[in-house]
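Got the model open in your viewer? Here's a quick tour of what to select, stop by stop.

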Amino acid sequence: MAKTGIALILALSVVVVPAGSALSEIKSGSEFLSPELRRQQADETRNPAFFWVEQGRELFSRRPAPDAQACIACHVDPQQKLRGAATRYPQVDAATGKLLNLEGRIEQCRVERQKQPAFGYESPELLSMTAYLASLSRGLPMQVKTDGAANPFFEAGRAFFERRQGQLNLSCQQCHDGLVGQKLRGDTISHGAGTGYPAYRLEWNDVGSLHRRLRACSLGVRATQFDYGSAEYLALELYLAGRAKGLPVETPGLRR
Ligand code: HEC
Ligand code: HEC
């Protein structure tokens, strides 16, 4: 009897292992691109998003006003010191308890430390700066915190991800877990990892943030589009980043 019990537990744990590893099998968005687009993404001379990275690099070194400090004045040697920073965002700001993504952290430094007006979400400046700083973490695995103070945000993001919404009554999960690999309007549905953002999207003819992509998905199911930088999308971003733990940062991405 005891033996059967143990055998059953072993059998169950065998079943549990592949289920548990399903999460670690999440693949980056670029794996679902055509081989040509994937090659183009990796090629600095053919991926237009590298232009934004370059702009961000310049902006980082430039004084915004004669009496203001450049970012680089405080952040010397960004290639070394800020490499890896993007892998830890979104994160809870210890001082305010707010969830900040990389955009939010940049704006905080811009306003509080550089004493300049915020760039504004989706402005070319913030997109460039975010693309530049994220590109410094290219190839490094995502490692956001999802426990402790971050946990309520992570769980709110999960609830959002799993909730059916919009006129089409579809959850994010139904597409980005259930229909991965299926075609939808010329795209192949990915896991929605978000590790390539800000990304250049051919449909936009522009670089856009992850929140712009989320707004496109919300619109796709005729659901509420939340604001750029909204609490809802920040929590969702943390959940996506938590799911994508271990996947390398690929910013700047290139998408259809
Ligand atoms: C009807 C199916 C559908 C639903 C529902 C949906 N999406 Fe998407 N989503 C897509 C398609 C198609 C794309 C473009 C192909 C791809 O990258 O998956 C996409 C792209 C994305 C991407 C960009 C991935 C990349 O690497 O470029 C993210 C992130 C994402 N979705 C998140 C979400 C979230 C979060 C929700 C819920 C609010 C959601 N999606 C709802 C179909 C859907
Ligand atoms: C007056 C000095 C100063 C200026 C100017 C400044 N920062 Fe900061 N920045 C800091 C300090 C201090 C921190 C917090 C360091 C810490 O505690 O990790 C920080 C943190 C950051 C972080 C988070 C790093 C991490 O590892 O999480 C980013 C990203 C950042 N700054 C970007 C910028 C950008 C972009 C600019 C220009 C728009 C800028 N900073 C201007 C001092 C400055």
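We'll go from the whole chain to its two ligand sites, then to one arginine.

**Ground rules.** This is a predicted model, where local features need pLDDT of at least 70, side-chain atom pairs count only at pLDDT 80 or more, and totals for chains, interfaces and linings use all residues. Residues are numbered from 1 along each chain as its sequence is written, chains are lettered from A and ligands numbered from 1 in the order in which they are written, and side-chain values use heavy atoms, with hydrogens and water left out.

**Whole chain.** Switch to cartoon: there are 11 helices and 7 strands (DSSP runs numbered from the N terminus; helices are H or I, at least four residues, and strands E, at least two). Along the principal axes, the C-alpha atoms fill a box of roughly 80 × 40 × 35 Å. Colour by accessibility and 45% of the 256 residues count as buried (under 20% relative accessible area; exposed is over 50%, partly exposed in between, with a 1.4 Å probe and protein chains only).

**Ligand 1.** Select ligand 1 and show what surrounds it: 22 residues, with Cys 172, Cys 175, His 176, Tyr 197 and Cys 217 nearest (near means a heavy atom within 4 Å). Now for the polar contacts (pairs of N or O atoms within 3.5 Å). A polar side-chain atom of His 176 lies 2.7 Å from a ligand nitrogen. Oxygen atoms of ligand 1 are 2.6 Å from a side-chain N or O atom of Tyr 197 and 2.7 Å from a backbone N or O atom of Ser 190. Helix H9 (172–176), strand S4 (187–188), helix H10 (210–220) and helix H11 (231–243) each give two or more residues to this shell. H10 has the largest share, with 4 residues.

**Ligand 2.** Next, select ligand 2. Which residues are closest? Cys 71, Cys 74, His 75, Tyr 89 and Cys 109, out of 17 around ligand 2. Side-chain polar atoms of His 75 and Arg 113 lie 2.8 Å and 3.5 Å from a ligand nitrogen, respectively, while one of Tyr 89 lies 2.5 Å from a ligand oxygen. Helices H4 (71–74), H6 (102–113) and H7 (124–135) each supply at least two shell residues, and the largest share, 4 residues, comes from H6.

**Arg 38.** Last stop: Arg 38, in helix H2 (residues 35–42). Arg 38 is partly exposed, at 36% relative accessible area. Add Arg 255 to the selection: the two are 217 residues apart in sequence, yet 8.9 Å apart in space, C-alpha to C-alpha.

Key
A polar contact is a pair of N or O atoms within 3.5 Å; within protein, one must be able to donate a hydrogen and the other to accept it, and residues adjacent in sequence count only if both atoms are side-chain atoms.
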